[in-house]
Amino acid sequence: MTTPLLETRNLTITFGGVIAANDVSLKIEAGRNLAIIGPNGAGKTTFLNICTGWIKPRKGQVLFQGEDVTALPPRKIVQRGVARAFQIPQLFTEHTALENLLIAAAARDGMRNPLIDLHDTPARDEMLHLLEMVNCADVAHRLVVELSEGQRKLIDIAVALALKPRLLLMDEPTSGVASSEKDGIMEILITALAEAKVTSVFVEHDMGIVQKYADEVAVWNAGNVQLRGAPAEILEHPDVIRDVIGEVA
Amino acid sequence: MSSVSTAPKTDAPKHPKSMLWIVGVVLLAAVPFAVPSLQLLVTFALAKGLAVVGVTVLLRAGQVSFGHALFFGIAAYACAFLMAAIPGADLALLLLVGTLGALLAGLCVGLFVVRYRGIFFGMLNLAFSMIFWSILEKFYHITGGADGIRLPRPTVLGMALERGPFELILYYLAIVLMVVLGWVTIRWFASPVGQIFQTIKTNETRLEYLGVSPRRALLSGYLLSALLCGVGGVLMGVAQGAVTPEYVWWVRSAEMVFIAVLGGAGSVRGAFLGALIYEIVRTYASAYAGDIWQMLLGAFLLIIILFAPGGLIGIFGSLAGRAVKEDAK
Amino acid sequence: MKKLLLTTVACVAMPMMGFALDKPDSLKVGMTTFLTGPASVFGVPARDAMDILVANLNDAGGIDGVPVEVSYIDEGAGAEALSSEFRRMVETGGADVMFAAISSGNCQTLAPLAEDLKVPNFLWDCGTQKIFEEHDYKYVFRTQANATPEMLAAVIYLLKVKPDFKTLAVVNQDYAWGRDSWDIFSTALKAMKPDVEVVGEFFPKFGAPDFSTEISRLQALRPDVVLSTSWGGDLDTFVQQASQRGLMNTSTFVLPLAESSLERLGSALPAGQIVGARGDHYFLHPERRDDADFKAFMTEYEEKTGSVSVYSVFHASQALAALKAGYEKAIADNGGTWPDKDQFVAAMEGLTFQGLGLPVTIRADHQGIEAQLMGTSVQTGDYPFATLENIMVFDGAELTAPVGAVSTEWVGALDASFMDGLSISTFDK
Amino acid sequence: MNVTIFLLALFDGVSYAALVFIVALGLTLIFGVMRILNVAHGSLYAIGAYATVSLTGFALSMGAAPILAFPLMLISAVLVGLLIGGPIEVLLLRRIYNKPEVLQLLVTFAVFMILEDVQRLVWGTQPYFQSAVLQSLGNITVLGVTYTVYQLILLPLVAVALLLGLRFFLRHTLNGKLILATTEDREAAQSIGIDADRVFLLTFIVGAILAGLGGALASPTTSILPGMGADMIVLSFAVVATAGLGQIEGAALTALMIGLGRSFAIYFWPEIAVLVPYLIMVLVLLVRPEGLFGSPAARKI
């Protein structure tokens, strides 16, 4: 049996009496896109926060490629190959789209030369290509604050991809995006992920998206995974229709 | 000197404005012949300007230190102690030791303060500088107390000089340091390390999720700022011939922030421009309006903040015929 | 480039040659004084006095017909502004003579600068004795005493009026003057009266707003004598707080600079405290108060400023008197024609001149020899503040460390018999 | 340790802390509500002292009883708040609430510079001393050491009264509740119709009055002279930052800590007395970045 890419063991955490994670044990295998669905407040974002070291669990472990990373700060986990995209895009607002990516690449490559211009770094072409991949090449030189929410979300994901991660955790990649654009964004995204051979986990509320793009679905409720399986099978499940989809609809 | 351009490296073609800066440097270089009475004043202004660039560096990361006079003072005191230990030490050695002293202090203080942001970053810096100030004041038998220590004239590359030639050399040294360190700082801002440092202002969360330690990124800029303050402190101490705890007093730190904002927050050239104008206004105001020079400076600052938020460099930019984005990106 | 640089260096380094031996239109003097900051309690009266004295001098024909023009530099504006303004005044402002400075720290910075600029400079008010003990200067002169005679006069006066005290505590400002004056005072005291015990040494920071805790401590320690060489607001606060809390009933205070605070302290300074004046400076100077020039000035000054004179006024008068006497002597030495700078400097050595106090003489090491006046406070009711009684005027020459001697060593080698051989004039009031 | 000396140091520390607290109180109130660290607070302190001395001197010269100085202190403080604090808020601060913290701080620094010269132009450079009121209250002897009633008893009482009074004002009066609501959530307060401009003006005036009152209360104990504001401002910064910005009760405890630290230092190691406030500040901030009583801001992603 191969080591899972990411594994959690008995993760438990509560916030002021509310259980956000209750003894969560989960394995994520490489090469598959896992969607996490569930009602609001069920602890999905908290789960991503724990996996990336932003929040420390009260109990339990997080293992990445077999290594216990529970106690590490986010940057150390990122350095090991876990990238993260956010529900609200986390970008450098005083920089352009391209610069956001170049900074990510510089961080990845550990650029130390203080006299070379950021724009002259070797990763420039690669980052321009990445912008093309997420369909944002035309806004490369615009400040990210001037862009639409959808473009910002794509650039947020592109920044994460720029790190060349093994695993990408995304928090509602299509929230805040006009529904007409959602499919387009997901198309671009899934293609880019496949091209870069990145495993992804994404929290999603739109069941249409989940059905279309996830290889596997985990249903989160009351601080734990209630069900897990192929999209078709899970989305038909009566419990899921009652607890999750019903609420969303 | 003509080979040195302080223009930022951008894709845009060089426009006449960068020529203006070269003209400015050349004009400065002519001061000792054209207006000799301004020579010492400009030396002081450039020394302060270097320290102001240090404060400017931190402004780029959205952080304000109200204690950076600490590094200015530490460098100056390091020189004074060195001169006392090795009479007739060389200017080059002073520059090296003073700067190293400031760097070392920057590392020690920086390791603590990079954990803080905003007002607490400012206050903690203030507290460290005030501790050092109290020590300078109190340990009279070592530090000379409130009157400080004399810093006799060092030799220059082995030559013992009279005041006249020595000050002239110091003057050109200050100009060279301004051009070189100003250029390095502008380049550093544009470099990956400098850009990462500046993202502390906008998004530390993302920075952490790029695998970068925001504290370490801030520390890199903090060290640069301490170094710049240190070089300024050495120049000031040597030009002044004496160092006093006043170098470290909080008003001095506030004055650096004051000049940085006056010149144009975040601009390297603005820092020097601001320092020059500040020093000139201050000197002439205290000579011709002895009772109200502080009031004039205060009013000047208010006008700048309220009506010309881009600072002097912004005014200068619009006078030069363009809106200036400047050495930012 | 390098060659150009060296040429420039050579040009600037060339000494300025004085050819203008014709009488100038005016004699330009630059004076540094505190117009801002705590020490403006000395600086502003000195400037006001200087304005009066210069106007009077020019009305009487100036110096050999040449009027004197004084411009002022604020020492409170900070060291950089001070030294650049000092240079500007000398190099382009055409100042012939500089009077600098009040602060000892500024004197230590400006004395070597004046020497390098080859401009005659009078240390007109600062107290540090180190300047001429550690360096030789050609262009720098002190037109007043230094800390050594000032402190010695205080020690001797104390020993004369209160010979059998046992314990002493000191509360001085924490800067060079406070520390150095204590060094000299304590060294002299130990030399002349070795059985005194120092029970407390406090150096609250310069400008401290509150001495309550120090006063509590002193009340618990109960020293016979409390010394404070503080001045200005610090001294006022200390005396007020000590007097309010009755510390002055149990301990005798020795306040070598209190002459400058007498008027401000009003009734807060009780009788029986020892007061000094940094020289023979007192608006009721017993040997001068009946002289016409003294009386005329005191009246004029009080009318213009609303206050009585303090010691810095005397020091200003001495600097101006030295300037006048120096030029007149140089003119005489030069066969009646206007002297150049070096002739003026040569005339300064050994010069005797008189300002508002007794005559002052410039010694070979350029240190001024100035008489010292000490007294005991008394509230007579003639004035709304304390005046002095039991005044002693000391001969400055006997109290000043000899040329070439280091004050602390010289003072340390004294003994009780030193007091016996001194010539002291005493006055009831 | 000798109990007598311990008690004496305690008394000295408390009376010193009382004065520092009164000044820091206004500073922390203004910061808590307006998020502005007001450097000009030091000038308001100094002007409060000058105004009291002038008014008292005038009243005494008219033959008034020294005890009349107490209402004059209050009048001076209110004048400082209304005539100087009010215009500062309306004419300057109001224009810069949306600017970065640095600029806000620098604006108050510029005001500080201007007011320093204003003091000099109005009152000159000679120190003033006006302690008639302090003398009228007399002395008290404790353990063989004479204290003034004013410093040992009155100042701490006033400090406690101000602390309780401000708490009452904030929690039980309409204006106070408006201030508290605005402090907790500016947007929410505005959305329910609170006039933030009015609240800010009110806060700044109250803060300025407290600064002026600090100066007024200090005036009988100290020389009033140029530069007295610059020292006080750093000290009250240290108190406010150590306590946690905007923490009123915290400022009281911190002032007490700093006051006691300083007086014990004077008794046992006078050379470090000046260092004490800053050492306490650094040590506290190193352990608790948000100050002793501040709460850390939550980061949400």
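In the predicted model, the interface between chains D and B brings 33 residues of chain D into contact with 35 residues of chain B. On the chain D side, at least two residues each are supplied by the helices α4 (101-123), α10 (228-243) and α12 (276-287). Of the elements of chain D, α4(D) makes the greatest contribution to the side that touches chain B, giving 14 residues. The composition of this side of chain D is divided into 27 nonpolar residues and six charged residues, with no polar residue among them.

In chain C, an open sheet of eight strands is found, in which the strands follow the order β7-β6-β8-β9-β10-β14-β15-β16 and the pairing is mixed. The edges of this sheet are formed by β7 (197-202) and β16 (424-427) of chain C, and because each of them has a single partner strand, one side of each is left without a neighbour in the sheet. On average, and with direction ignored, neighbouring strands of the sheet are turned by 20° against each other. At the β16(C) edge, the partner is strand β15 (residues 387-394) of chain C, which runs antiparallel to β16(C) and is joined to it by four bridges. Within this pairing, F394(C) has I424(C) of β16(C) as its bridge partner. The sheet is also packed against by helix α8 (residues 212-221) of chain C, which touches β6 (167-171), β7 and β8 (225-227) of chain C, and whose direction makes about 170° with that of β7(C).

A further open sheet in chain C consists of three strands in the order β11-β12-β13, with antiparallel pairing. Here the edge positions are taken by β11 (352-353) and β13 (368-369) of chain C, each of which has a single partner strand, so that one side of each is left without a neighbour in the sheet. The pairing of β11(C) with strand β12 (residues 360-362) of chain C is antiparallel and extends over two bridges. In this pair of strands, F353(C) stands opposite V360(C), a residue of β12(C).

With regard to annotation, an unreviewed UniProt entry lists residues 27-371 of chain C under "domain: Leucine-binding protein". Over these residues, 27-371 of chain C, the chain is 46% helix and 15% strand in the model, and the C-alpha atoms at the two ends of the stretch are 29 Å apart.

Terms used. Residues numbered from 1 in each chain as written. Chains lettered and ligands numbered in written order. Predicted model: local features only at pLDDT ≥ 70, side-chain atom pairs only at ≥ 80, totals over all residues. Pairing = 2+ DSSP bridges. Axes fitted to C-alpha atoms, helices over the stretch in contact; angles between N-to-C directions. Contact = placed C-beta atoms within 7 Å. Nonpolar A, V, L, I, M, F, W, Y, C, P; charged D, E, K, R; others polar. UniProt positions renumbered as here; feature names shortened; annotations may be inferred.
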